[in-house]
Amino acid sequence: MKVKVVNKGRQPLPQYATPQSAGMDLRANLDEPVTLQPLEHRLIPTGLYIALPPGYEAQVRPRSGLALKHGITVLNAPGTIDADYRGEVGVLLVNLSQEPFVVNDGERIAQMVIARHEQGEFVEVDALDETERGAGGYGHTGVK
């Protein structure tokens, strides 16, 4: 699938690292480094503007290495970029560690996964069909 992109930044376009990668790395496009203090969150620009085909979304997800090594994650993970959005792709990073973290220009800060989606249409009914689980919620299925 072709995705139209305008790159107003200084970074290369996102790419898949391997032939079977699901996500493409997004890079920070910064004029100067940004320091995220513990528990601070900031919208980090990428310089990218995309146009997805109808029926698709782009999901902005954390990078596992940043999360494991530094406690940096995407606050609204996954962030959704709708097919009709034409603004800059931004990454809402949060520092969940106890140490300041510096985001540098060009740093890989998140990954973007393009996924097909459906739109549901709610139909109001008087009752729902019965299932074995029923209304059992969090932890209902137990530990096996």
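User: Which residues make the nonpolar surface patch of about 340 Å²?

Analyst: This is a predicted model, in which local features need pLDDT of at least 70 and side-chain atom pairs count only at pLDDT 80 or more, whereas totals for chains, interfaces and linings use all residues. Residues are numbered from 1 along each chain as its sequence is written, and side-chain values use heavy atoms, with hydrogens and water left out. A patch is made of residues with over 30% relative accessible area and no salt bridge, like charges being joined within 9 Å and nonpolar side chains (Val, Leu, Ile, Met, Phe, Trp, Tyr) within 5 Å; a salt bridge is a side-chain nitrogen of Lys or Arg within 4 Å of a carboxyl oxygen of Asp or Glu, and areas come from the Shrake-Rupley method with a 1.4 Å probe, only the protein chains shown counting as cover for residues. The patch of about 340 Å² is made by V123, V125 and L128.

User: Is L128 buried or exposed, and with what relative accessible area?

Analyst: L128 has its place in the segment after β10. Buried means under 20% relative accessible area, exposed over 50%, and partly exposed in between, with a 1.4 Å probe and protein chains only. L128 is exposed because its relative accessible area is 70%.

User: In what order do the strands of the open sheet that holds β5 stand?

Analyst: Strands (E, at least two residues) are DSSP runs numbered from the N terminus, and two of them pair if DSSP finds at least two bridges between them. β5 and β10 (residues 108-116) pair in the antiparallel sense over 6 bridges, with R61 opposite Q111 in β10, while 3 bridges join β5 to β7 (residues 79-81). On the other flank of the listing, 4 bridges join β2 to β10, where L26 stands opposite A110. The antiparallel order is therefore β2-β10-β5-β7.

User: Why is one side of β2 and of β7 left without a neighbour in the sheet?

Analyst: The twist of this sheet averages 35° from one strand to the next, where axes are lines fitted to C-alpha atoms and angles run from 0 to 180 degrees between N-to-C directions. β2 (24-27) and β7 stand at the edges, so one side of each lacks a neighbour, each having a single partner strand.

User: How many of the 6 residues of β5 are buried?

Analyst: Strand β5 covers residues 56-61, and one of its residues, V60, has G79 in β7 as its bridge partner. The strand is mostly covered, the number of buried residues being 5 of its 6.

User: Which strands stand at the edges of the sheet β1-β4-β8-β6?

Analyst: The pairing in this open sheet of 4 strands is antiparallel, and the twist averages 40° from one strand to the next. β4 (residues 41-51) and β8 pair over 6 bridges, H41 having V94 as its bridge partner, whereas 3 bridges join β6 to β8 (residues 88-95), with V74 opposite L93. Each edge strand has a single partner, so one side of each is left without a neighbour, and these strands are β1 (4-7) and β6 (72-74).

User: Which residues does T35 touch, not counting residues up to four places away in sequence?

Analyst: T35 lies in strand β3 (residues 34-36) and is partly exposed, with a relative accessible area of 34%. Its C-alpha atom is separated by 9.6 Å from that of N95, 60 residues apart along the chain. Taking contact as heavy atoms within 4.5 Å, T35 touches E40, R42, P100, F101 and V102.
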